[in-house]
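Hi,

Here is the structure I promised to hand over. My notes on what turned up follow below.

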2 protein chains.
Amino acid sequence: MENPRENPLPLPTIRRYPIFLRAIGEMMDAGEAFISSSVLAERLGLDPVLTRKDLAMAGVPGRPRRGYPAEELRAAINRALGWDSATDAVLVGTGSLGSALLGYAGFKEQNLSIVAAFDANPRLAGSTVHGVKVRPLAEMARLVRRLKVHLAILTVPTAAAQACAETLVEAGVRGILNFSSAQLSVPEGVIVQNVDLAQPLAVLSHAIARMES
Amino acid sequence: MENPRENPLPLPTIRRYPIFLRAIGEMMDAGEAFISSSVLAERLGLDPVLTRKDLAMAGVPGRPRRGYPAEELRAAINRALGWDSATDAVLVGTGSLGSALLGYAGFKEQNLSIVAAFDANPRLAGSTVHGVKVRPLAEMARLVRRLKVHLAILTVPTAAAQACAETLVEAGVRGILNFSSAQLSVPEGVIVQNVDLAQPLAVLSHAIARMES
DNA sequence: TCGTTATCGGTATTCAAGTAGCGATATGAA
DNA sequence: TTCATATCGCTACTTGAATACCGATAACGA
């Protein structure tokens, strides 16, 4: 099925796809034309069966004793993630984390280009961070609307997050990657994905605490 | 049961705990002495029953029509996460992401203090980032051993990650928060928690792609 | 004092994801 | 040409977490 709506991918599968894409890219660079689930799994330390099921979800048929055609597989996964066509995004909040994300190379791999950055601090406006010009927050609504940007990366302090989100949604943003710890409330049809750096730390320190007990 | 080994907390619960801690802290600042699961759930946009089950796992008994005693609850959750006593960590790789993490306030909330930072680039050595002095990589093994640090945050380029990990483990590190996209291989007893910024972006863009299809 | 009710805490059910088992098939070697 | 085998792809089975349900209880109001 081509229509993603009929293809409800398991959430864990979606999370593994970016990892697969990186490995597939490296294997293609090494000259491989076919990707077998066993080799890929070995490389990533995953279960081969689980890997095969994930790859099968992309809808590209594999061949016994060869694997999946690399180029088609990569294209299918990219399509499933909506990374097949270039997507524009804006970044709001050029503090230390926001600045770091402006320089994060991974976004480019995913056909995501950050076309503008904003900050509430007027002293930062006009400066350039990793090649992106920082603009005052007041220009955000107008520019987002004009550029028809649908995706925003939110790296503002928690207290400012809800107000920013509302402005962004009002200007046409459909998806927000929220790095603040605010619980954003947005209208239906807008998707918020929270990123919380404390979560992996919690998992790690709990595991260590358990081992030492 | 006090012993965490007998208390295998569900992984999703552990991930929600940091969120709960923040909210509980805010409610305590507002003068609340008791935290009810329904109020907490409302505030965080979660299911009240799910929230109550999570809180129950901490082992603190609640009271009908009141809720859980705030101070005890917070202490119990912190204990479950191993955040009850201060933990030292080192950070390796002071690129843009590493620098941002040095300034991340959330770590302090979790009793985590980054006692040293290292970078392979000798030109960076000696500089100070967010109050932490950057040292050359060559000093890492010795210092980690001397300070008896058990936790490391790894923000080096993917190509350098495995070598750094090995040095750290050799020097006594038990847990690694890995921000690189390398698949680290470490000896048994060492825990690696991977953090991949591409994953939440994948979830978000897939969701948007599905809606627009 | 006594009922009402918000909240806890346990049990049961459902659902999603991971795991296991197994037949089908194309490839490569004998 | 024939056979051995790596790999796919399908169908259970198991596990773990979320959801639903329901009884118990302590606080509050009448």
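**Aromatic pairs**

Phe20(A) counts as buried, because its relative accessibility is 0%. Buried means under 20% relative accessible area, exposed means over 50%, and partly exposed is in between, with a 1.4 Å probe and protein chains only. Tyr17(A) is also at 0% relative accessibility, so it counts as buried.

Before going on, some ground rules. This is a predicted model: local features need pLDDT of at least 70, side-chain atom pairs count only at pLDDT 80 or more, and totals for chains, interfaces and linings use all residues. Residues are numbered from 1 along each chain as its sequence is written, chains are lettered from A and ligands numbered from 1 in the order in which they are written, and side-chain values use heavy atoms, with hydrogens and water left out.

Tyr17(A) and Phe20(A) sit 3 residues apart in helix H1 (residues 11-29) of chain A, about one turn of the helix. Helices here are DSSP runs (H or I, at least four residues), numbered from the N terminus.

How many aromatic pairs does the structure hold over all chains? There are 4. Rings of Phe, Tyr and Trp (its six-membered ring) pair if their centres lie within 6.5 Å; planes under 30 degrees apart count as stacked, over 60 as edge-to-face and the rest as tilted. The ring centres of Tyr17(A) and Phe20(A) are 6.3 Å apart and the planes are at 55°, so this pair is tilted.

Another pair is in chain B. The rings of Tyr104(B) and Phe107(B) have centres 4.8 Å apart and planes at 90°, so the pair is edge-to-face. Phe107(B) is at 3% relative accessibility and counts as buried. Tyr104(B), at 21%, counts as partly exposed.

**DNA strand D**

There are 21 residues around DNA strand D (near means a heavy atom within 4 Å of the strand). Ser37(A), Arg52(A), Gly62(A), Arg65(A) and Arg63(B) come nearest. By class, the surface has 8 nonpolar, 5 polar and 8 charged residues. Ala, Val, Leu, Ile, Met, Phe, Trp, Tyr, Cys and Pro count as nonpolar, Asp, Glu, Lys and Arg as charged, and the others, Gly among them, as polar.

Of the strand D atoms within 4 Å of the protein, 66% belong to sugar or phosphate; the rest belong to bases. Three side chains have a polar atom by a phosphate oxygen of strand D: Arg63(B) at 2.5 Å, Arg16(B) at 3.1 Å and Tyr68(A) at 3.1 Å. Two or more residues of this surface come from each of helix H2 (37-44) of chain A, and helix H1 (11-29) and helix H3 (48-57) of chain B. H1(B) gives the largest share, 3 residues.

**Cavities**

The count is 3 cavities of 30 Å³ or more. On a 1 Å grid over the protein atoms alone, a cavity is a set of points where a 1.4 Å probe fits but cannot get out; lining residues have an atom within 4 Å of a point. Grid points are joined across faces, edges and corners, and a volume is the space filled by probe spheres set on the points.

The largest cavity has a volume of about 50 Å³. Leu97, Leu101, Phe179 and Leu197 of chain A line it, together with Leu97, Leu101, Phe179 and Leu197 of chain B. The lining is 8 nonpolar residues, with no polar and no charged ones. Helix H5 (96-102) of chain A and helix H5 (96-102) of chain B each supply at least two of the lining residues.

Best wishes

How values were computed: Polar contact = N/O pair within 3.5 Å; in protein donor to acceptor, adjacent residues only side chain to side chain. 1 Å grid on protein atoms, 1.4 Å probe; cavity = no way out; pocket = protein on both sides within 12 Å on 5 of 7 lines; lining within 4 Å.
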